[in-house]
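Thanks, everyone, for making the time. I would like to walk through a few side-chain features with you, beginning at the surface and then turning to the aromatic rings.

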Amino acid sequence: MWMILPICCLAILHIAGDHVAVIPDLASILGNKEVYVSTLYIFIIFGLLFSTILVWIGVKTGEELVVVMKELYGLQGKRILAFVVLSVCIPASALTGGYYAAQVLHILTGISPLGAGFICLLLFSVLAAGYGRCLLILSNYIGLLLVPLLLILLFLFDFKLDIVMPRFSSVNWLLVLGLLGYNVGGMWSILVVEMGAYLSQKGYLAICLILLAKSVEGVFTILIAYLVLVANISGPLALAGIVSQVGGAAMVFAFNIILFCTFTNTMVPAMLVNARQVSSIIQISFLPALTVAGIIIYLVSCMRFTTILWIMSYSGFIMIVFIIYTAYLVHKYRENQQ
């Protein structure tokens, strides 16, 4: 039971985040089915690899990532971590909170996307500041309906798995880096290292836990990808287009409400992470840091979708190099202690 529950929680955490927005919409961006599927397969394999490295850091050190950074990089460790996390978390937050959440609010209310983006980020910031706790709890419960709803959608939509064999030469590496940054960067890296530290007494079983969680997530991702390919629906919010084909207006409305609550559940902790990193860098209190983070995220969200993905690709590369180098330092540090 100690493994099954965390596996389900970790898988749902990511299934309920980027996998219902960015990944389905990539089908229309990449166009070519082989390139799309190849990119997703490589992304899932690399996601497994880097998540394993992260949990290994937690298991080996038995400490949270912030503590590990202080031990490895000295007094500036916390600030270095803040820069690296923000490089991924800012564009990822802009994409989730300022672009996709705004698109849902635009569909629900008719408010312009730019105005909806401002309202969404203001709402997420207020909730992150500790206000409206009852609203956040309600949002959490509603958001839990997303995964079973998507599973029902997979059964209701009549589609056949036209298996496409992935080819290494067809991979869009820029998007792989962007997805990896979105997937293993920011909050995920901190969470996985912390979980590895918490389960450090279990040793390598904790690494198996992360692998299983990412595998469940990967299988679900591939199923969603094939569903979007068969439906031949372009973004933004390709999954909402599939819902409109399966059900009527009432089902689409309910799906959008659940989707908005899901983005809220993702963005509130993301805003907390962003604010704390800004506070670490420029040494200001939480509320001003939250305001600064919100302004930066809103400005980034005003960029084109492809531009935000491009930024995430390069910041994702920085995060990956940072993870590998940190794991190397942990290995050398433990060798020297022995």
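Let me begin with the surface, where I111, F118, I119, L122, V126 and Y131 make up a nonpolar patch whose accessible area comes to about 550 Å² together. Please keep in mind throughout that this is a predicted model. One member of the patch, F118, sits in helix α6, which covers residues 113-128. With a relative accessibility of 48%, F118 is classed as partly exposed, because exposed would require over 50%.

Now to the rings, of which the structure holds 13 aromatic pairs. Among them is the pair of Y73 and F322, which is stacked, with 6.3 Å from centre to centre and 20° between the planes. This pair joins distant parts of the chain, since Y73 belongs to helix α4 (residues 65-73) and F322 to helix α15 (residues 305-337), and the two lie 249 residues apart.

How buried or exposed are these two partners? Y73 has a relative accessibility of 22% and therefore counts as partly exposed, whereas F322, at 10%, counts as buried.

Y73 also pairs with Y325: the ring centres are 6.5 Å apart and the planes stand at 40°, so this pair is tilted. Here too distant parts of the chain are linked, with Y73 in helix α4 and Y325 in helix α15, 252 residues apart. Y325 has a relative accessible area of 43% and is thus partly exposed.

Finally, I would point you to F46, F50, F168 and W173, which ring pairs link into a cluster.

Key. Residues are numbered from 1 along each chain as its sequence is written. This is a predicted model: local features need pLDDT of at least 70, side-chain atom pairs count only at pLDDT 80 or more; totals for chains, interfaces and linings use all residues. Side-chain values use heavy atoms; hydrogens and water are left out. Patches are made of residues with over 30% relative accessible area and no salt bridge: like charges are joined within 9 Å, nonpolar side chains (Val, Leu, Ile, Met, Phe, Trp, Tyr) within 5 Å. Accessible areas come from the Shrake-Rupley method with a 1.4 Å probe; for residues, only the protein chains shown count as cover. A salt bridge is a side-chain nitrogen of Lys or Arg within 4 Å of a carboxyl oxygen of Asp or Glu. Helices (H or I, at least four residues) and strands (E, at least two) are DSSP runs, numbered from the N terminus. Buried means under 20% relative accessible area, exposed over 50%, partly exposed in between (1.4 Å probe, protein chains only). Rings of Phe, Tyr and Trp (its six-membered ring) pair if their centres lie within 6.5 Å; planes under 30 degrees apart count as stacked, over 60 as edge-to-face and the rest as tilted.
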